[in-house]
2 protein chains.
Amino acid sequence: MTGSNGTRSGRRPGNSGTREAILDAARVRFAEVGFDKASIRSIATAAGVDPALVHHYFGTKHQLFAAALQLPVDPQTILSGFAAVPRTELGTHIVRTVVTIWDSPAGMPAVAAIRSLLASDDPTLARTFLLEIVLKEIRPLVDSPPGTGAKRAALAASQLAGLLVTRKILRLEPIASMPVEELAATVGPTLQRYFTGDLPLQN
Amino acid sequence: MTGSNGTRSGRRPGNSGTREAILDAARVRFAEVGFDKASIRSIATAAGVDPALVHHYFGTKHQLFAAALQLPVDPQTILSGFAAVPRTELGTHIVRTVVTIWDSPAGMPAVAAIRSLLASDDPTLARTFLLEIVLKEIRPLVDSPPGTGAKRAALAASQLAGLLVTRKILRLEPIASMPVEELAATVGPTLQRYFTGDLPLQN
């Protein structure tokens, strides 16, 4: 993050102020219109900077979103890896992967960010993250029979969200201390059933 | 809530102030030492009132706890009903019962209370509620083989917590709009497997 050039409007001096202004504008914009409809240009305008500076600081729109949510990694990187996993192993693989990230030092700020999103009066940003980033990638992988993917992915999200809440936010024992592999073996099949099981879904 | 007698120390005038002082003291005490160890006497002392007044306003310690957490009903009433449900139907029954409560008008303040507990820097009160009230009742019902009840109940709590977060806090579609019976039929079997399934638990 070197180089102090690039601010056109000069509304805020210094890199740190500019970065924060971009992140603030991004959070507002993503919450207002969602991930897909929020353009880098509109975020740059709201922050009073050139769009090129947003790309310079944050890279892609996915990476900007990850930074706005204080995620330790671009979720796209992890999600795109799921497509290569055999469908029959997706549940266990996802539980193992996400719990490992939460438990890592890099996961701490992400857990804190998710907690503050849950506490927010407006859950739009958290919902946008789930609907337009996470579930959008998972849905087509599990859409069999066609039309069931949205419910399958959302049910899996409900189990993972609850695992995050009990293990990392409430730190509820014995869940908080269970080894990753034990969680993968016990909770993985829950996700697997939601993904590929014969569910009594309506319509 | 009539009657203004009973305040001994007279630290706070009026019923409403006294009730709030008791609830504040209860929240602090339950968070400090847990449900079991927090006595009505110690809560009354901290609130500067006679223990009889705590009973007069709130009834049992369970009912005081429910009031401190702004729960719409004494959870004990619901939990004690679970013991009579056939073990093989426990998962579906619990999902149907708790989702129905969340969705009712009385559930709204409870959902709000849970959200603020999740957001709190100190998750002790939420953990106390789960460990000493909810899971304590469920554990003995599902402790087969002996010693597995704590993990079984906590895993079920993780799925229910996530259902609450996605349906009521994030209002994530399509989960937010799924009929109670569809959730009971799809998520109920998850709880059932945690309760009575052959889980690969360690130790």
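**Entry 1: the rotation axis.** I looked for the residue of chain A that comes closest to the rotation axis, and found A:Gly162, with its C-alpha at 1.7 Å. I then checked the rotation itself. A turn of 180 degrees with 0.0 Å of shift along the axis puts chain A on chain B, with an RMSD of 0.0 Å. The two copies are therefore related as by a two-fold rotation axis. The superposition is by least squares on the C-alpha atoms of residues with pLDDT of at least 70 in both copies.

**Entry 2: ground rules.** I am working with a predicted model, where local features need pLDDT of at least 70 and side-chain atom pairs count only at pLDDT 80 or more, while totals for chains, interfaces and linings use all residues. Residues are numbered from 1 along each chain as its sequence is written, chains are lettered from A and ligands numbered from 1 in the order in which they are written, and side-chain values use heavy atoms, with hydrogens and water left out.

**Entry 3: one chain.** I went through chain A and found ten helices and zero strands. Helices (H or I, at least four residues) and strands (E, at least two) are DSSP runs, numbered from the N terminus. The C-alpha atoms of chain A fill a box of roughly 55 × 40 × 35 Å along the principal axes.

**Entry 4: the interface.** How many residues does each chain bring to the contact? I noted 45 from chain A and 45 from chain B, with contact meaning heavy atoms within 4.5 Å. Of the interface residues of chain A, 100% are also interface residues in chain B, so the copies meet through the same surface.

The size of an interface is often given as the accessible area lost when the parts come together. Here the two chains bury about 3,800 Å² between them, and 66% of it is on carbon and sulfur atoms. Buried area is the accessible area (1.4 Å probe) that two parts lose on being put together, summed over both.

**Entry 5: pairs across the interface.** I found two salt bridges between chain A and chain B. The rule asks for a side-chain nitrogen of Lys or Arg within 4 Å of a carboxyl oxygen of Asp or Glu. One of the bridges links B:Lys151 and A:Glu182, at 2.7 Å from N to O. I also found 14 residue pairs in polar contact across the interface, both residues at pLDDT 80 or more. A polar contact is a pair of N or O atoms within 3.5 Å; within protein, one must be able to donate a hydrogen and the other to accept it, and residues adjacent in sequence count only if both atoms are side-chain atoms.

Which elements give two or more residues to the side of chain A that touches chain B? They are α7 (107-119), α8 (124-138), α9 (149-169) and α10 (180-196) of chain A. The largest share, 13 residues, comes from α9(A). I sorted the residues of this side into 29 nonpolar, eight polar and eight charged. Ala, Val, Leu, Ile, Met, Phe, Trp, Tyr, Cys and Pro count as nonpolar, Asp, Glu, Lys and Arg as charged, and the others, Gly among them, as polar.

**Entry 6: a bridge inside chain B.** I counted 14 salt bridges over all chains. Among them, B:Asp24 pairs with B:Arg27, the closest N and O atoms being 3.1 Å apart. Both lie in helix α1 (residues 15-37) of chain B, three residues apart, about one turn of the helix.

**Entry 7: backbone oddities.** Most residues other than glycine have a negative phi, and most peptide bonds are trans. I found a cis peptide bond joining A:Ser144 and A:Pro145, with omega about -5 degrees. A:Pro145 sits in the loop between α8 and α9 of chain A. The bond from B:Ser144 to B:Pro145 is cis too, with omega near -5 degrees. B:Gln70 has a positive phi, near 60 degrees. I located B:Gln70 in the loop between α4 (61-68) and α5 (75-82) of chain B.
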